[in-house]
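The following paragraphs lead the reader through one structure, beginning with a single pair of residues and moving outward to the packing of helices. Please consult the sequence and the model while reading.

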Amino acid sequence: MSIEWLAFVQVFGAALSGAVIVVLFYALGLRMLVRAGRVPVVAPAEFTDAIAVVTDKQRKRAAKAAAKAAKKNPLTPAQKGIALLAAYGCFVVCALAVLGGLVLIVVGH
């Protein structure tokens, strides 16, 4: 039995670069989304056996903080639009990277 070390290094490099691309562009997309004034507020999931249950008061406080942050945005409407387009572009790059990986797995076997 012999190990093809060059193939191993190629797979490792592809996996590492793919992970870096997805994480980098997702983080950049979230940053641009916040700069555009569209702060994503996600209500935490509640489980019946959870140690800490999120109350309605905590949800309202998080939504209020997001609205306050959106009001304090110093960007002009044109700059907000550009930031929103950049955010969507970053999310598209993430989706394409994931789809490209799936295509390599399915077709490239």
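In this predicted model, W5 and F8 are three residues apart in helix α1, and the two are therefore separated by about one helical turn. An α-helix has 3.6 residues a turn, so residues three or four places apart point the same way. The rings of W5 and F8 form an aromatic pair of the edge-to-face kind, with 5.9 Å from centre to centre and 85° between the planes. The structure holds two aromatic pairs.

The helix that carries these residues, α1, comprises residues 5-35. How far apart are the end C-alpha atoms of α1? At 1.5 Å a residue, its 31 residues should span 45 Å, and the end C-alpha atoms are indeed 45 Å apart, so the expected and modelled values agree. Just after α1, G37 takes a positive phi of about 90°.

Attention now turns to the partner of this helix. Helix α3, residues 77-107, packs against α1 at an angle of about 160°, and the two axes are 8 Å apart. Because angles over 145 degrees count as roughly antiparallel, α1 and α3 are roughly antiparallel to each other. Their crossing is left-handed.

Which residues bring the two helices together? On the α1 side, the contact includes I21, V22, F25, Y26, L28 and L33; on the α3 side, the residues met include L84, A87, F91, V93, C94 and V98. By class, this contact of α1 with α3 has 18 nonpolar residues, one polar residue and two charged residues.

Definitions and conventions. Residues numbered from 1 in each chain as written. Predicted model: local features only at pLDDT ≥ 70, side-chain atom pairs only at ≥ 80, totals over all residues. Heavy atoms only, no water. Helix = DSSP H or I, 4+ residues; strand = E, 2+ residues; numbered from the N terminus. Expected span 1.5 Å × (residues − 1). Axes fitted to C-alpha atoms, helices over the stretch in contact; angles between N-to-C directions. Parallel < 35°, antiparallel > 145°, perpendicular 65-115°, else oblique. Left-handed = near helix turned anticlockwise from the far one by under 90°. Contact = heavy atoms within 4.5 Å. Nonpolar A, V, L, I, M, F, W, Y, C, P; charged D, E, K, R; others polar. Phe/Tyr/Trp six-rings, centres within 6.5 Å; stacked < 30°, edge-to-face > 60°.
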